[in-house]
Amino acid sequence: QLSNRLLTVANYIPPHSVLADIGSDHAYLPCYAILNYLAKKAIAGEINDGPYQAAFNQVARLGLLSKISVRKGDGLSVLKKNEATCITIAGMGGTLIKKILEEGKEKLSKVERLILQPNIYAIEIRKWLYENGWELIDEKILEEDCHIYEVLVAEKGVPSRSYKGVSLESAFLMGPFLIKERNETFLKKWEHELYHWEQVLKQLNEAKETDVLIKKKSEIHHMISCIREVMK
Ligand code: SAM
């Protein structure tokens with residue numbers, strides 16, 4: 001059985017997809033997608049030896065080697081052009097997910113849906129999607145094992161459409177769908193973030209001022225006002 005986090009990702013895989021799961025580790029997600037008829041074929045990509053072996057062993061153990069191709073390599077470089085129709089990238093930081101998308105842009109031509117689950121810095125992904133012609137079509141936030149996770153779902157479209165009626169900067173940071181839904185997990189996350197950044201600012205205010213510090217403080221100030229704007 002998949003974790004709730006990966007189940008939330010899997011629920012967005014369109015039927016009959018050719019799925020590429022990048023950073024697949026044990027390949028739990030592609031195995032689930034094939035066994036539950038969400039994907040007709042899958043590729044499990046891994047950069048590191050240990051997780052690559054774990055993925056291969058899991059796929060072999062379940063007898064799915066004819067349906068899931070386990071490949072070793074960096075990001076989307078494991079894919080052929082026009083191969084995948086759906087890409088999942090889960091359990092990494094937003095900065096790394098963004099880098100993988102940016103470096104693999106030419107592999108996205110036939111991709112209809114991206115399902116991305118950053119552990120931190122979802123803002124980096126939302127900005128990249130916005131600048132690269134991808135429209136957010138949904139978002140989820142969930143708590144599992146004392147961590148709060150976000151899932152971002154995007155399709156090619158009109159990026160600005162999902163940001164209608166919300167302040168762009170707050171929405172890049174906190175998520176346009178999540179802001180509108182404002183569920184308990186969302187409020188918990190941002191109350192905690194607000195407290196954290198206010199404490200950081202307090203400490204920085206006591207330190208000796210330098211140009212770098214002034215810039216940092218103004219960034220944090222700006223972020224705090226974005227959060228306050230949504231939480232008020
Ligand atoms: N996707 C799984 C999940 O959500 O449970 C595994 C997440 S695990 C924390 C991150 C995995 O991404 C690791 O197995 C790591 O080896 C792999 N990884 C990191 N950078 C990568 C890259 N550039 N290309 C492919 N895999 C990468």
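This report describes the domains, the sheet, the ligand shell and some single residues of a predicted model.

**Domains**

The protein chain falls into domain 1, residues 4–161, and domain 2, residues 185–231. Taken over C-alpha atoms, the centres of domain 1 and domain 2 are 32 Å apart.

**The sheet**

Seven strands make up an open sheet with mixed pairing, and their order is E3-E2-E1-E4-E5-E7-E6. Strand E3 (68–72) and strand E6 (134–144) are the edge strands, each pairing on one side only. On average, and with direction ignored, neighbouring strands of this sheet are turned by 15° against each other.

E1 and E2 are paired in the parallel sense, with six bridges between them. In this region of the sheet, Asp21 stands opposite Ala44 in E2. Most of E2 is covered, six of its eight residues being buried.

Strand E5 (residues 113–118) and strand E7 (residues 147–156) run antiparallel and are joined by four bridges. E7 also pairs with E6, again in the antiparallel sense, over 10 bridges. E6 and E7 form a hairpin with two residues between them. Asp145 lies in the turn of this hairpin and has a positive phi of about 50°.

The table lists bridge partners in E7.

| Residue | Bridge partner in E7 |
|---|---|
| Leu114 | Ala154 |
| Ile115 | Val153 |
| Leu142 | Tyr149 |

**Helices on the sheet**

Helix H2 (residues 28–35) lies across four strands: strand E1 (17–22), E2, E3 and E4. The direction of H2 is at about 175° to E2. Helix H3 (residues 49–61) also packs on the sheet, where H3 touches E2 and E3. The angle between the directions of H3 and E3 is about 165°.

**The ligand shell**

The ligand is surrounded by 17 residues, and the closest are Gly23, Asp25, Pro51, Ala90 and Gly91. Strand E2 (39–46), strand E4 (86–92) and helix H4 (94–103) are the elements that give two or more residues to this shell. E4 supplies the largest share, with three residues. By class, the shell around the ligand holds eight nonpolar, six polar and three charged residues. E2 and E4 thus appear both in the shell and among the strands that H2 lies across.

**Residues with positive phi**

Most residues other than glycine have a negative phi. His16 is not a glycine, yet its phi is positive, at about 70°. His16 sits in the loop between helix H1 (4–10) and E1. With 12 other C-beta atoms within 10 Å, His16 is exposed, because a residue counts as exposed at 12 or fewer.

Arg182, which is likewise a residue other than glycine, has a positive phi near 50°. The place of Arg182 is the loop between helix H7 (176–181) and H8. Arg182 has 13 C-beta neighbours inside 10 Å and therefore counts as partly exposed.

**Trp197 and Arg161**

Trp197 belongs to helix H8 (residues 184–206). Leaving out residues up to four places away in sequence, Trp197 touches Ile220, Met223 and Ile224. For Trp197 and Ile220, the C-alpha to C-alpha separation is 6.9 Å in space, while the two are 23 residues apart in sequence. Is Trp197 buried, exposed or partly exposed? There are 16 other C-beta atoms within 10 Å of Trp197, so Trp197 is partly exposed. The count for buried residues starts at 20, and exposed residues have 12 or fewer, which means that 16 falls in between.

Arg161 lies in the loop between E7 and helix H6 (168–174), and its number is also where domain 1 (4–161) ends. Arg161 is exposed, because 11 other C-beta atoms are within 10 Å. Arg161 and His221 are 60 residues apart along the chain, and their C-alpha atoms are separated by 28 Å.

Definitions and conventions:
Residues are numbered from 1 along each chain as its sequence is written. This is a predicted model: local features need pLDDT of at least 70, side-chain atom pairs count only at pLDDT 80 or more; totals for chains, interfaces and linings use all residues. Domain bounds come from an automatic or database domain assignment. A residue is near a molecule or strand if its C-beta atom, placed from the backbone, lies within 6 Å of it. Ala, Val, Leu, Ile, Met, Phe, Trp, Tyr, Cys and Pro count as nonpolar, Asp, Glu, Lys and Arg as charged, and the others, Gly among them, as polar. Two strands pair if DSSP finds at least two bridges between them. Axes are lines fitted to C-alpha atoms, for helices over the stretch in contact, and angles run from 0 to 180 degrees between N-to-C directions. Two residues are in contact if their C-beta atoms, placed from the backbone, lie within 7 Å.
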